[in-house]
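Biologist: Please pick one part of this model and go through it closely, then set it against the rest of the chain. Explain each term when you first use it.

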Amino acid sequence: MPCLISGYEYDIFISYRQKDNKGDHWVSEFVEALKTELESTFKEEISVYFDINPHDGLLETHDVDASLKEKLKCLIFIPIISRTYCDPKSFAWEHEFKAFVDSALKDPYGLKLKISNGNVANRVLPIRIHDLTEADIKEYESITGSFLRGIDFIYKEAGVNRPLRWNEEKPHDNLNRTIYRNQINKVALAIRDLMEGFSPAGEIVKATKILSEEKLPRVKIRDKHKKRLITMSNLKGSFKFSKVGQLFSGMAILLLILSAIFYVHHQSRIRWAYKHALPQIEQLINKNKIAEAYTLTKSSVYLRACSFMIKQTLMQK
């Protein structure tokens, strides 16, 4: 089952000492009860990693880093804190608890989240099943950097310090006044609060943090976008200039064509005037029909250009 947020393998990782799951299998029962409670708390399916290997973690011949590296990519880490868990020599302490804290300190969300009510919560959610010694508490707090504030599943009466069971024979004799069913519900609600710190607002925080840490890719994207805008602007300007240029070019060509037509027509009329009109005018003058010759001269613009020639002819007469 995939994690609700991409980039992580599981939503929840359960870490424990194999010693604490022998006998009445307290850890196994806790995990099953928690899964049932999570189903009634979340609309989505919450993925839980729980190693039921009878050995204390992986075997010595296994590659610990390769086997756990992906599995420890989880949103919430739940250690079952017992009298034997806070042991630097144990596999769960060294390769699960400490490894998760180191990894969480480096990932985009960090080890602590700001939840919906404004408080800050640790992604390590300890489940305490024994009263611990001061040395164990200090050992735990030296790794997380915060006070040990877990959810207790401890049955306590005079001379008794053991895990709280779901089927207690005399639950009212418990000096802690805790009920197993209620504690399971508290764990599910605490997980819900933490999950709200991840999504959807958490996704925005994650993305913002990634972008702020990776400035070069962000600048490249902006420069590329800016370059594309400039290119589009240039194309738009070029297109606009091309349309105006085409309009002026068309007008110029049309003007040249009209000028050429006018010039050809003008020249043809002048040639007609010289070839046909002037000889006719000369004949009329020779016949002393001056008035008719003058009228023929005024009848055409092109013949007016010949008036100087007509005057010269008349002067000669």
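Modeller: What follows starts with the whole protein, then turns to helix 1 and its surroundings, and ends with another helix pair and some salt bridges.

The model is predicted, so local features are given only where pLDDT is at least 70 and side-chain atom pairs only where it is 80 or more, while totals for chains, interfaces and linings use all residues. Residues are numbered from 1 along each chain as its sequence is written, and side-chain values use heavy atoms, leaving out hydrogens and water.

The protein has 10 helices and 9 strands. These are DSSP runs, numbered from the N terminus: a helix is H or I over at least four residues, and a strand is E over at least two. Of the 317 residues, 35% are buried. Buried means a relative accessible area under 20%, exposed means over 50%, and partly exposed is in between (1.4 Å probe, protein chains only). Among contacts between residues at least 6 apart in sequence, 69% join residues at least 24 apart. A contact here means heavy atoms within 4.5 Å.

Now the close look. Helix 1 covers residues 26–41 and helix 5 covers residues 180–198; their axes come within 9 Å and cross at roughly 60°. Two packed helices are described by the angle between their axes and the distance between the axes. An axis is a line fitted to C-alpha atoms, for helices over the stretch in contact, and angles between N-to-C directions run from 0 to 180 degrees. Helix 1 and helix 5 are therefore oblique to each other. Angles under 35 degrees count as roughly parallel, over 145 as roughly antiparallel and 65 to 115 as roughly perpendicular; the rest are oblique. The crossing of helix 1 and helix 5 is right-handed, meaning that the near helix is turned clockwise from the far one by less than a right angle. On the side of helix 1, the contact is made by W26, E29, F30, A33, L34, E37, L38 and T41. Helix 5 contributes Y180, R181, I184, N185, V187, A188, L189, I191 and R192. The residues of this contact divide into 11 nonpolar, 2 polar and 4 charged. Ala, Val, Leu, Ile, Met, Phe, Trp, Tyr, Cys and Pro count as nonpolar, Asp, Glu, Lys and Arg as charged, and the others, Gly among them, as polar.

One residue of helix 1 gives a view of its other neighbours. V27 is found in helix 1 and is buried, with a relative accessible area of 0%. Leaving aside residues up to four places away in sequence, V27 touches Y16, D20, N21, F50 and I80. V27 and P163 are 136 residues apart in sequence, yet their C-alpha atoms are 9.8 Å apart in space.

The loops leading to these two helices come next. Most residues other than glycine have a negative phi, and most peptide bonds are trans. H25 is not a glycine but has a positive phi of about 50°. H25 sits in the loop between strand 1 (10–15) and helix 1, and is partly exposed at 43% relative accessible area. R177, also not a glycine, has a positive phi near 55°. R177 lies in the loop between strand 9 (160–163) and helix 5, and is exposed, with a relative accessible area of 62%.

Helix 3 and helix 4 form another pair. The axes of helix 3 (residues 91–106) and helix 4 come within 9 Å and cross at roughly 40°. Helix 3 and helix 4 are therefore oblique to each other. In this contact, W93, F97, K98 and V101 of helix 3 meet E139, Y140, I143 and T144 of helix 4. The contact residues divide into 5 nonpolar, 1 polar and 2 charged.

Last, the salt bridges. A salt bridge is a side-chain nitrogen of Lys or Arg within 4 Å of a carboxyl oxygen of Asp or Glu, and by this rule there are 10. One of them joins R128 and D152, at 2.9 Å from N to O. R128 lies in strand 6 (residues 127–128) and D152 in strand 7 (residues 151–152), so the pair ties together parts that are 24 residues apart in sequence. R128 is buried at 17% relative accessible area, whereas D152 is partly exposed at 26%.
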